[in-house]
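Please look over the following structure, first as a whole and then residue by residue. The paragraphs below begin with a term and then follow the chain through its elements.

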Amino acid sequence: MAFMPWKDEYSVGVQLFDDQHQKMFQFINDLNDAMMDVEEQAVLFAIIEGLMEYTKKHFKDEEDNLRRHCFSGLAEHEAEHQKLTKSVIDFSVENKNHDSSVTVKVMDFLYHWITDHILDSDKKYSEFLKGKEIIGDV
């Protein structure tokens with residue numbers, strides 16, 4: 001069973017964003033699997049880097065579509081994206097500089113980072129974007 005299975009409650013009702021969120025869940029599940037297989041730190045950090053890059057793309061797609069459709073909560077949503085991105089970058093740099101191993105603490109951070117963002121912030125745009133044309137790709 002996956003460390004972080006997708007649940008219907010995570011759906012924001014926008015197919016592109018649900019697909020992107022599921023891909024982010026897969027990155028975290030891949031990281032968990034690599035940890036369980038005691039992979040080298042380079043493998044673990046490559047997965048984290050992939051997650052970070054994909055997350056930046058996802059955040060841009062969300063923001064572009066929210067801007068395009070004049071979502072009133074865009075500034076707040078962008079600010080949260082910036083805060084989350086900074087937290088992940090700071091965390092990654094700190095761990096690389098100290099050559100620390102990826103731990104359960106990291107997985108806990110990533111789990112709460114993504115689920116809390118989806119269930120709180122992303123749900124705020126869910127009804128607003130339903131039925132609107134969404135541009136981007138998985």
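A residue is called buried when its relative accessible area is under 20%, exposed when that area is over 50%, and partly exposed in between, with a 1.4 Å probe and protein chains only. By that rule Asn29 is buried, because its relative accessible area is 6%. The model discussed here is a predicted one, in which local features need pLDDT of at least 70 and side-chain atom pairs count only at pLDDT 80 or more, whereas totals for chains, interfaces and linings use all residues. Residues are numbered from 1 along each chain as its sequence is written, and side-chain values use heavy atoms, with hydrogens and water left out.

We begin with the chain as a whole. The protein chain holds 4 helices and 0 strands, where helices (H or I, at least four residues) and strands (E, at least two) are DSSP runs numbered from the N terminus. Read from the N terminus on, the order of elements is therefore α-α-α-α. The C-alpha trace spans about 45 × 30 × 25 Å along its principal axes. A compact globule of 138 residues would have a radius of gyration near 14 Å, and the 15 Å of the protein chain agrees with this; the radius is taken over C-alpha atoms, and the globule rule is 2.2 Å times the number of residues to the power 0.38. The accessible surface comes to about 7600 Å², of which 53% belongs to carbon and sulfur atoms, the areas being obtained by the Shrake-Rupley method with a 1.4 Å probe, and for residues only the protein chains shown count as cover. Of the 138 residues, 42% are buried. Among contacts (heavy atoms within 4.5 Å) with a separation of 6 or more, 80% join residues 24 or more positions apart.

The helices can now be taken in turn. Helix α1 covers residues 15-36, and its 22 residues should span 32 Å at 1.5 Å a residue, a value with which the 31 Å between its end C-alpha atoms agrees; the expected span is 1.5 Å times one less than the number of residues. Asn29 lies in this helix and, leaving aside residues up to four places away in sequence, touches Ala2, Phe3 and Met4. Just after α1, Val38 takes a positive phi of about 55°.

For the 28 residues of α2 the expected span is 40 Å, and the end C-alpha atoms are 40 Å apart, which agrees. Val43 is found in this helix and counts as partly exposed, because its relative accessibility is 32%. Its C-alpha atom is separated by 8.7 Å from that of Leu31, which is 12 residues apart from Val43 along the chain. In the loop between α2 and α3 stands Cys70, which has a positive phi of about 60° although it is not a glycine, and which is exposed, with a relative accessible area of 63%.

Helix α3 contains His77, a residue that is buried at a relative accessible area of 4%. Beyond its neighbours within four places in sequence, His77 is in contact with Glu62, Leu66, His117, Ser121, Asp122 and Tyr125.

One of those partners, Asp122, is also the centre of a kink of about 50° in α4, the bend at a residue being the angle between axes fitted to the seven residues ending there and the seven starting there. The 26 residues of α4 (residues 104-129) should span 38 Å, and the distance of 35 Å between its end C-alpha atoms agrees. Phe109 lies in α4 and is partly exposed, with a relative accessible area of 29%. Outside its neighbours within four places in sequence, Phe109 is in contact with Ser87 and Val88; Ser87 is 22 residues from Phe109 in sequence and 9.9 Å away in space, C-alpha to C-alpha. Just after α4, Gly131 takes a positive phi of about 85°.

What remains is the interior. A nonpolar core is a set of buried Ala, Val, Leu, Ile, Met, Phe, Trp, Tyr and Cys residues joined through side-chain atoms within 4.5 Å. Which members touch the most other members of the largest nonpolar core? Of its 34 residues, they are Trp113 and Ile114. The elements that give two or more residues to this core are α1, α2 (41-68), α3 (74-98) and α4. Ile114 itself, apart from its neighbours within four places in sequence, is in contact with Met4, His21, Met24, Phe25 and Ile28.
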